[in-house]
Amino acid sequence: MSYTVEKIGGTSMSAFDAILDNIMLRPKSPYNRVFVVSAYSGITDALLECKRSGKPGIYQYIAKRDETWLKAVADLEMRMLLVNENMFADPLNRRRADKFIKSRITDAVSCITNIIETCQYGQFSLRHYLPQIREFLSSLGEAHSAYNTALKLKTLGINATFVDLSGWDNKSYGSLDDVIKRAFANIDVTKELPIVTGYAYCDEGLMKTYDRGYSEITFSRIACLTHATQAIIHKEYHLSSADPRVVGPENVFPMGHTNFDVADQLANLGMEAIHPNAASGLRQQNIELRIKNTFEPEHQGTLISQNYLPDAERVEIIAGKSKVFALHIFDQAMVGKVDNVSYELMEIISDARVKLIGKEMNANSITYYLSGGTEILNKLLYKAEKRYPNSTITGCMVALISIIGASINTNTALSKGILALTDKQISPIAAHSSMRNVNVQFVVEDKYYKAAICALHAEFINQSENTTRKIA
């Protein structure tokens, strides 16, 4: 019998009627499944910081000792209660949902207030408590959505079980695997439908280790430990040949079938297919991953499997990332010492907690491609200049565009890609063709990000060759 572990993204969770009709109530039997849910759209941004813009949330206010955090909590509570109002027409269930999240928020405010007051004394530093506070706040969003989902399903006659891995009740301790095994020890998926929080409290600290990718790690480990036949992620869009917001929805195609190698390339660029550590667990257990569009339930989406290779060489997706910081260091005296300089710079980059996307080097220069907040990147540039005062160090914003496929001729893709870009008056700053025939990458000025993706998509993704992508 098929048994699936399924994750529902935040944007999809906010369209809950579609979730019910297209996913949860669609099969004849709702069981033999587990659902791992994200927080409703925008809630985690409000709790921590906006993932795209960096706008501060409650956590950032606390970290800066800004009293605004209390108002931000009050605003978030009103927002969560409004979600409950829209979700529950029945006053009794509405009161249950409100009581649950109000209690969590009250406890959170009390705990954080006590920590801040304690840190007024010299022997205690708020900085030491910030990682725990970040973990603590992260759990609120998923607890809210998971509790609501289980409650709603119960009103529809489904034996749903709220599985709270957040550690709020002190029952979650040990490694992530231990926490999951203990939570599922007495659950019979043939007779009940577990609704699980995407955040799990554990010894390793999911937020500290994986930051905002933590729900995918939870999802992956549940699939592996409970021996799922397939893992499924429901998103508000297909995993397509390019970002439809850039090239237009009428021009893109669902990928249909690919492998984990391609998924890793996408993750490196920050595309939300699946966190690479989550993919690694599924790959090792030989569990296939399916990415589905919540709003097109009839479509089979894109299947990601370990051993898939296309019958012919084919570019599957044009992916990119804008606002990438290119840190370039040049020193004529670096010849023969590049490895030493590289090691020291990597320590600086690691301490800054920015994401390393790519790196290139020659005899006397190194370029790092980094992603992070503007303030952090400027501090990193300053540290590099201070560490190497005799070197020429520059930093600028660029865009990285990748041509990706499970099996492509990288040499041909490189030459065709350069011609396609230059035809649109876009001069690549750098280009890379890897020995592994999976991706070719171009570095262009940041202002050409969208134009470069459109040019490469038009060149490599041909409608007549890819109509089969519409039928997975």
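Student: Before we look around, which residues count as nonpolar, charged or polar?
Tutor: Ala, Val, Leu, Ile, Met, Phe, Trp, Tyr, Cys and Pro count as nonpolar, Asp, Glu, Lys and Arg as charged, and the others, Gly among them, as polar.

Student: And what kind of model is this?
Tutor: It's a predicted model, where local features need pLDDT of at least 70, side-chain atom pairs count only at pLDDT 80 or more, and totals for chains, interfaces and linings use all residues. Residues are numbered from 1 along each chain as its sequence is written, and side-chain values use heavy atoms, with hydrogens and water left out.

Student: OK, cavities. How many are there of 30 Å³ or more?
Tutor: One. A cavity is a set of points on a 1 Å grid, over the protein atoms alone, where a 1.4 Å probe fits but cannot get out. The largest cavity has a volume of about 50 Å³, a volume being the space filled by probe spheres set on the points, which are joined across faces, edges and corners.

Student: What lines the largest cavity?
Tutor: Lining residues have an atom within 4 Å of a point. Among them here are Trp69, Ile105 and Leu137. The lining divides into 11 nonpolar residues, no polar and no charged.

Student: Which helix gives the most to that lining?
Tutor: Helix 6, with four residues. Helices (H or I, at least four residues) and strands (E, at least two) are DSSP runs, numbered from the N terminus.

Student: Switching to pockets: how much space is in the second largest one?
Tutor: About 550 Å³. A pocket is an open set of points with protein on both sides within 12 Å along at least five of seven lines. Of its 24 lining residues, the closest to the centre are Gln132, Glu135, Phe136, Tyr199 and Tyr201.

Student: What's the mix of residues in that lining?
Tutor: There are 12 nonpolar, eight polar and four charged. Helix 7 gives the most, with seven residues.

Student: Now the sheet. What's the strand order?
Tutor: It's an open sheet of eight strands, ordered 3-4-2-1-5-7-8-6, with mixed pairing. Two strands pair if DSSP finds at least two bridges between them. The edge strands, strand 3 (160–163) and strand 6 (257–259), each pair on one side only.

Student: How many bridges join strand 2 to strand 4?
Tutor: Three, and strands 2 and 4 run parallel. Valine 37 has threonine 197 in strand 4 as its bridge partner.
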